[in-house]
Amino acid sequence: MARHDQSKARLVLAAASLLCAVLGSVHAFSVFLEPLELAFSASRSAVSFTYSLALVTLTCTVLLGPRIFARWSAARLVLVTSALAAFGTFLAGIAGSLPVIWLGYSLIFGAANGIGYGFGLQISAQVNPGREGLAMGIVTAAYALGAIVSPILFAIAVDVSGFALAMLAMSVVLIATGSISATLMHRAKAWYKSSRPAADSKPTAIRDQQLLWIGYFGAVLAGLMVLGHAAGILAVLKPGLPGWTAAVVISCTNLVGSLAGGRLADKIPLGVLLSGLAILTALSLVGLALIGPVGGVIVGLSLVGFAYGGTIAAYPAVIAKLFGTQDSARVYGRVFTAWGAAGLLGPWLAGVLFDISGTYHIALLTAAGFGLFSAGVVTLVFRRRTVGG
């Protein structure tokens with residue numbers, strides 16, 4: 001790569017990572033569960049729906065984003081995206097009811113989050129030919145880093161002046177980081193280059209995609225049921241620790257798991273990797289439910305975070321190996337919708353089960369069941385490939 005191209009690649013990677021680090025704060029939402037319940041006299045399931053809807057909106061714009069990526073320069077797209085995200089958090093900050101928070105945070109901020117994250121991944125890969133995996137890994141790590149740092153800052157803001165201050169401060173940060181990111185993109189003269197759609201898959205491959213969708217759904221649903229309620233779970237199982245501790249622990253191990261998942265896809269059989277991560281998720285959840293109240297809560301949450309991070313990193317790598325790099329983007333786009341479906345159902349379901357029982361034991365065991373189901377489906381995919389070719 002020429003020196004000029006290397007300089008451009010570094011600028012683009014820095015811009016994408018900076019913006020995604022702020023957008024990654026969406027996964028610290030569990031810090032807001034109790035403050036929003038108290039502020040609006042709402043149930044845990046109603047508050048959890050805020051996070052679930054944000055994940056669905058995020059998923060939709062990740063999938064649809066490539067249709068608009070090439071219409072503007074990278075600088076303009078980043079600036080508009082960050083401004084839209086800031087407007088969403090500002091609206092949530094001044095909201096007087098949960099529906100307005102759903103509009104501002106879940107729909108507007110969620111949509112901008114998906115565009116920014118998806119764009120950051122794709123353009124970083126484009127300007128780093130031959131090092132696409134490394135570039136996308138850095139952006140993904142930055143997104144996870146945002147989920148590590150933000151719970152502490154959000155907790156401070158909530159203690160000072162509640163959810164409103166956290167959202168208004170978030171708006172300011174989004175405008176600032178968006179402006180810096182746009183400036184870096186402008187200096188790099190970066191544009192996203194759209195690609196031509198790949199050919200249709202064979203029927204056998206489509207069946208495998210459907211099974212992978214189900215397997216991915218079960219695995220990430222199990223993880224998201226915990227991620228969306230991390231602070232609440234810790235408050236029930238270990239009341240002496242501050243709620244943000246859970247979000248930070250899960251985010252840190254999520255980051256480690258993400259780095260490990262892609263690496264392991266090159267080292268061990270693919271079916272063993274995916275089913276092993278799902279089984280690790282299930283065992284960790286059973287441990288939390290059965291022995292969490294008497295100890296080991298942090299260990300359990302750490303293992304869930306690691307397995308979840310490994311899962312979301314391993315699936316795109318596995319899909320690329322199964323279907324080839326030319327077709328992997330389109331196939332992963334289909335399978336990725338399982339993440340959005342799990343994001344809608346998982347945190348909401350955990351909230352409903354908490355409202356019914358007053359504890360997280362049933363929710364944790366239910367999530368473990370989804371993890372085991374995922375392992376079984378993944379095993380079926382690779383058994384079919386071994387037998388049928």
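**Exercise 1. The order of the elements**

Task: In this predicted model, find which pattern the protein chain follows when read along the sequence.

Solution: Step one is to walk along the sequence and write down each element; the result is α-α-α-α-α-α-α-α-α-α-α-α-α-α. Step two is to tally by kind: the protein chain has 14 helices and zero strands.

**Exercise 2. The chain as a whole**

Task: Work out what percentage of the 389 residues counts as buried, and what share of the exposed area carbon and sulfur atoms supply.

Solution: Begin with burial: 55% of the 389 residues count as buried. Next, turn to the surface. The protein chain exposes about 16100 Å², and carbon and sulfur atoms supply 68% of that area. Finally, look at the contacts between residues at least 6 apart in sequence: 84% of them join residues at least 24 apart.

**Exercise 3. Two helices that cross**

Task: Decide how α2 lies relative to α3: parallel, antiparallel, perpendicular or oblique?

Solution: Start with the geometry. The axes of helix α2 (residues 33–40) and helix α3 (residues 44–64) come within 9 Å and cross at roughly 125°. That angle makes α2 oblique to α3, because it lies above the 65 to 115 degrees counted as roughly perpendicular and is not over 145. The crossing is right-handed.

Now see who meets whom. From α2 come Leu-33, Glu-34, Leu-36 and Glu-37, and they meet Arg-44, Val-47 and Ser-48 of α3. Sorted by class, this contact has three nonpolar, one polar and three charged residues.

**Exercise 4. Buried or exposed?**

Task: Classify Ser-82 and Arg-187 as buried or exposed.

Solution: Take Ser-82 first; you will find it in helix α5 (residues 74–93). Its relative accessible area is 2%. Buried means under 20%, so Ser-82 is buried. Leaving aside neighbours within four places in sequence, Ser-82 is in contact with Leu-19, Leu-174 and Gly-178.

Then go to Arg-187, in helix α7 (residues 132–188). Here the relative accessible area is 58%. Exposed means over 50%, so Arg-187 is exposed. One more thing to check on screen: Arg-187 and Val-12 are 175 residues apart along the chain, yet their C-alpha atoms are separated by 9.0 Å.

**Exercise 5. An enclosed helix**

Task: Explain why helix α9 (residues 230–237) is described as largely enclosed by the rest of the structure.

Solution: List the buried residues of α9: Ala-230, Ala-231, Gly-232, Ile-233, Leu-234 and Leu-237. That is six of the eight residues of the helix, so α9 is largely enclosed by the rest of the structure.

Terms used:
Residues numbered from 1 in each chain as written. Predicted model: local features only at pLDDT ≥ 70, side-chain atom pairs only at ≥ 80, totals over all residues. Heavy atoms only, no water. Helix = DSSP H or I, 4+ residues; strand = E, 2+ residues; numbered from the N terminus. Buried < 20%, exposed > 50% of the residue type's maximum accessible area, 1.4 Å probe, protein only. Contact = heavy atoms within 4.5 Å. Areas by Shrake-Rupley, 256 points an atom, 1.4 Å probe, with all protein chains shown as cover. Axes fitted to C-alpha atoms, helices over the stretch in contact; angles between N-to-C directions. Parallel < 35°, antiparallel > 145°, perpendicular 65-115°, else oblique. Left-handed = near helix turned anticlockwise from the far one by under 90°. Nonpolar A, V, L, I, M, F, W, Y, C, P; charged D, E, K, R; others polar.
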